[in-house]
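Here's a quick briefing to read with the model open beside you. Take it one topic at a time and look for each feature as you go.

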Amino acid sequence: MANTNKKPTIVENFKDLIEVLEANGLLTDARKEFLEKRIEVTEKKNASKGGEKKLSKEQIANEEIKSNILKEMEKLIMNVPEGVEKTVVAMHVPPYDMEFNNNVVNVFQLYLKSFPNLIFCLNGHAHSYKVNEYFNDGIFYYQAPCAKKRGYILFTITEDGYEQEHITF
């Protein structure tokens, strides 16, 4: 499954993701260790379930939605310009919001962590200031307030990390 042209490849499992990231020079030791742990957990879960089960129509539809979302994220990961050293991800809604497709939340986080040095995520859906670390992995999700509520977030990104300040006026 080598992907030397940096074209998106359908990733069906964590092993495929390791291959794609490695082929595109995006696989760090930390990412590889994280993915290998996910493979181990997934294999243990599958073994305890006693094999494959038939999917319902709803499960099939959810898998199709998941696949489309993940294909788009793969395209983004595969097209990170050379030289990018840090990543900030902006999204409309955060994970676990009722408008977020929570069927993909774990894989979504896995893909986010595949970007070079992800430092934080930003959303503005609820129009109020909030900070959350949804996955207890050091990645913070900042929810930005709106001008109507007279506030904004000022981020200063440095070589060593970043600082954020919630400013009200």
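Which residues does serine 114 touch, not counting residues up to four places away in sequence? They are Leu17, Leu21, Arg31 and Ile77. Keep in mind that this is a predicted model. We'll start with the whole chain and then work back to that serine.

**The big picture**
- The chain has four helices and six strands, and if you read along the sequence you get the pattern α-α-α-β-α-β-β-β-β-β.
- Of the 169 residues in the chain, 34% are buried.
- The accessible surface adds up to about 11100 Å², and carbon and sulfur atoms own 51% of that.
- Take the contacts in the chain with a separation of 6 or more: 51% of them are between residues 24 or more positions apart.

**How confident is the predictor?**
- The average pLDDT for the chain is 81, with 79% of the residues scoring at least 70.
- Residues 1-8 are a stretch to treat with care, as pLDDT there is below 50. In the model, this stretch still has 16 contacts beyond near neighbours in sequence.

**The four-stranded sheet**
- Strands pair up in a sheet through backbone hydrogen bonds, and the pairing can be parallel or antiparallel.
- Here, four strands make an open sheet in the order 1-2-4-3, with mixed pairing.
- Strand 1 (87-91) and strand 3 (130-132) are the edge strands, each pairing on one side only.
- From one strand to the next, the twist averages 20°.
- Strand 3 and strand 4 (residues 140-143) run antiparallel and are joined by three bridges. Look for asparagine 132, which stands opposite tyrosine 141 in strand 4.

**The hairpin**
- Strand 5 (residues 151-158) and strand 6 (residues 161-168) run antiparallel, with eight bridges joining them.
- Just two residues sit between these strands, and the pair forms a hairpin.
- To find one of the bridges, start at tyrosine 152: its partner in strand 6 is isoleucine 167.

**Helix 4**
- Helix 4 lies across strand 1, strand 2 (118-123) and strand 4, and it runs at about 145° to strand 1.
- Why is helix 4 described as largely enclosed by the rest of the structure? Because six of its eight residues (residues 105-112) are buried.
- The buried ones are Val105, Phe108, Gln109, Leu110, Tyr111 and Leu112.

**Back to serine 114**
- You'll find serine 114 in the loop between helix 4 and strand 2.
- Is serine 114 buried or exposed? Its relative accessibility is 3%, so serine 114 counts as buried; the cut-off for buried is under 20%.
- A polar atom of the serine 114 side chain lies 3.2 Å from the backbone oxygen of leucine 110.

**Two residues with positive phi**
- Most residues other than glycine have a negative phi, which makes the next two worth a look.
- Asparagine 117 has a phi near 45°, a positive value in a residue other than glycine. Asparagine 117 is in the loop between helix 4 and strand 2 and is partly exposed, with a relative accessible area of 44%.
- Arginine 150 isn't a glycine, yet its phi is positive at about 55°. Arginine 150 sits in the loop between strand 4 and strand 5, and is partly exposed with a relative accessible area of 45%.

Technical notes. Residues numbered from 1 in each chain as written. Predicted model: local features only at pLDDT ≥ 70, side-chain atom pairs only at ≥ 80, totals over all residues. Heavy atoms only, no water. Pairing = 2+ DSSP bridges. Buried < 20%, exposed > 50% of the residue type's maximum accessible area, 1.4 Å probe, protein only. Contact = heavy atoms within 4.5 Å. Areas by Shrake-Rupley, 256 points an atom, 1.4 Å probe, with all protein chains shown as cover. pLDDT = per-residue confidence, 0-100. Axes fitted to C-alpha atoms, helices over the stretch in contact; angles between N-to-C directions. Polar contact = N/O pair within 3.5 Å; in protein donor to acceptor, adjacent residues only side chain to side chain.
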